[in-house]
Amino acid sequence: MIKLNYKHSPSDIGHQTDDIKHWASDTRHRTYKPKRLVCMLAIALIIASCSNTTFNTKEELWNYLNNPENKYIHTKTVNGVDFSIVYKPTDLLVDQELSGQVSAKKIDSLRSKYDQYLYFNLSMAKNNQELLSNVAGNKQQFGAMVNQLAFGMEQKIHFYTPQKDTIAMADYIYPRMYGMSGATTILLVYPKETMVTNAEHMTLSIEDLGFYTGEVKFKIPTKIFKDELKLKFE
């Protein structure tokens, strides 16, 4: 079960609690019905429960990430090409490397290692197929796209602040699926720099890859980097 639907900040909780304390101490309010105090306490408890960012399983975490209302996933369809970008929290990388060997020391070490970067899964598909499957009949175009996807995506994908300061891509991983997947998926890695976390939002843009989409842009709120979602490992 998901432990969180984070919609309020810790300051909201503090303000709610202060309001309740003030109400209880102010004799002018003693004539109010107890029902009001019960309602206020219930609201405070609901808000507090919503501030928990820990999930019991990675499946629950992925379900949360894939809900557009939570702002972790962003999608667009341009000229028949389906684009999807989802932020991948640090603990999903930690979980991949743990391989069942769970210890507090190992978890802390891996979190420290992966927390220096931001990770995004970029998915692109046309006709519910990988991009390469859509150009398989043209050897020249196919070869050019293989080369682009494998070695040149840092020149096609850009990550920048509202002031147009560009964050250089640290790395990316493109696994060849040889037509066995319904989309071309790439893991993008960017350093978690101060100018990123201080900005209200970042823009991630993908240049046209030969499908006449033009430049496709996604506005990503940086709040999702600061309120890092976690997995319960122990």
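## Working through a predicted fold

Among contacts between residues at least 6 apart in sequence, 68% in this chain join residues at least 24 apart. Keep in mind that the model is predicted. Grab the structure and let's go.

**Exercise 1. Take stock of the chain: how many helices and strands does it have, and what share of its residues is buried?**

Solution. Start with the elements: there are 8 helices and 10 strands. Next, go for burial: of the 234 residues in the chain, 39% are buried. Finish with the surface, where the accessible area comes to about 13,300 Å². Carbon and sulfur atoms account for 53% of that area.

**Exercise 2. Trace the open sheet of 5 strands: in what order do they sit, and which are the edge strands?**

Solution. Walk across the sheet and you'll pass β2-β3-β4-β7-β6, with antiparallel pairing. The edges are β2 (73-78) and β6 (171-173), as each of these pairs on one side only. Going from one strand to the next, the twist averages 20°.

Now zoom in on one pair. Strand β3 (residues 81-87) runs antiparallel to strand β4 (residues 117-126), and 7 bridges join them. For a concrete example, pick V81: its bridge partner in β4 is K126.

**Exercise 3. Look at helix α6: which strands does it touch, and why does its length agree with the expected span?**

Solution. First, place the helix. α6 covers residues 139-151 and packs on the sheet, where it touches β6 and β7. Its direction makes about 130° with that of β6.

Then check the length. The helix has 13 residues, and the expected span takes 1.5 Å times one less than that number. That should give 18 Å, and the end C-alpha atoms are 18 Å apart, so the two agree.

Last, inspect the N-terminal end. N138 caps α6 there, with a side-chain oxygen 3.2 Å from the backbone nitrogen of Q140.

**Exercise 4. Find T184: which strand holds it, and is it buried or exposed?**

Solution. T184 belongs to strand β7, which spans residues 184-191. For burial, the cut-off is under 20% relative accessible area. T184 comes in at 1%, so it counts as buried.

What surrounds T184? Skip its neighbours within four places in sequence, and its contacts are L122, S123, M124, E130, L131, L132, L149 and Y174. One of these, L131, also offers its backbone nitrogen, which the T184 side chain reaches at 2.9 Å.

Definitions and conventions: Residues numbered from 1 in each chain as written. Predicted model: local features only at pLDDT ≥ 70, side-chain atom pairs only at ≥ 80, totals over all residues. Heavy atoms only, no water. Helix = DSSP H or I, 4+ residues; strand = E, 2+ residues; numbered from the N terminus. Buried < 20%, exposed > 50% of the residue type's maximum accessible area, 1.4 Å probe, protein only. Polar contact = N/O pair within 3.5 Å; in protein donor to acceptor, adjacent residues only side chain to side chain. Contact = heavy atoms within 4.5 Å. Pairing = 2+ DSSP bridges. Axes fitted to C-alpha atoms, helices over the stretch in contact; angles between N-to-C directions. Areas by Shrake-Rupley, 256 points an atom, 1.4 Å probe, with all protein chains shown as cover.
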